[in-house]
Amino acid sequence: MMIAVTVTPPPTSLAEVRARIDAIDSDLVRLLARRQDLVRAAAAFKSDDQAVRAPDRVARVIASVRERASAEGLDPAVAEAVWRAMIGAFIELELAEHATNRD
Ligand SMILES: C=C(O[C@@H]1C=C(C(=O)O)C=C[C@H]1O)C(=O)O
């Protein structure tokens, strides 16, 4: 049986490194926009600010992301820092959304 394996050759210049990073960032922005829609939707199901912050859920998300990061070769400390910053920003957005829904 033939198994096709795609190997991306290493970049040969800083410009190429940056072009590849830009392409990944573009995918990340698209995914984050989808995530943001869901975070906004979550606000409608919550009764107060404590429920919006949901620290127990945040802890579970971080633990899961750290595990997946290790499996994928991403430094878990980097993953945790990125997710904590992202979730912090989304909580601010969700708090604003929640306050608007309440009015
Ligand atoms: C989206 C939620 O609300 C908040 C945002 C979270 C996130 O961005 O992953 C997780 C928990 C909450 O702090 C949720 O409760 O699931």
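This briefing covers the ligand shell, one helix pair and one loop residue of the structure. The model is predicted. An unreviewed UniProt entry lists residues 8–98 as "domain: Chorismate mutase". Over residues 8–98 the chain is 84% helix and 0% strand, with its end C-alpha atoms 44 Å apart.

**Ligand shell**

- The ligand is surrounded by Val39, Ala42, Arg53, Ala54, Arg57, Val58, Val61, Ile87, Phe90, Ile91 and Glu94.
- Two or more of these residues come from each of helix 1 (14–43), helix 3 (55–72) and helix 4 (76–102).
- Helix 4 contributes the most to the shell, with four residues.
- By class, the shell holds eight nonpolar residues, three charged residues and no polar ones.

**Helix 3 and helix 4**

- The axes of helix 3 and helix 4 approach within 9 Å and cross at roughly 145°.
- The crossing of this pair is right-handed.
- On the helix 3 side, the contact is formed by Val58, Val61, Ile62, Val65, Arg66, Ala69 and Ser70.
- On the helix 4 side, the contact residues are Pro76, Ala79, Glu80, Trp83, Arg84 and Ile87.
- The contact between helix 3 and helix 4 comprises nine nonpolar, one polar and three charged residues.
- Val58, Val61 and Ile87 belong to the contact and are also listed around the ligand.

**Aspartate 48**

- Aspartate 48 sits in the loop that joins helix 1 to helix 2 (49–53).
- Aspartate 48 counts as exposed because it has 9 C-beta neighbours inside 10 Å, and the cut-off for exposed is 12 or fewer.
- Aspartate 48 and methionine 86 are 38 residues apart along the chain, and their C-alpha atoms are separated by 21 Å.

How values were computed. Residues numbered from 1 in each chain as written. Predicted model: local features only at pLDDT ≥ 70, side-chain atom pairs only at ≥ 80, totals over all residues. Near = placed C-beta within 6 Å. Nonpolar A, V, L, I, M, F, W, Y, C, P; charged D, E, K, R; others polar. UniProt positions renumbered as here; feature names shortened; annotations may be inferred. Buried ≥ 20, exposed ≤ 12 C-beta atoms within 10 Å, placed from the backbone. Axes fitted to C-alpha atoms, helices over the stretch in contact; angles between N-to-C directions. Left-handed = near helix turned anticlockwise from the far one by under 90°. Contact = placed C-beta atoms within 7 Å.
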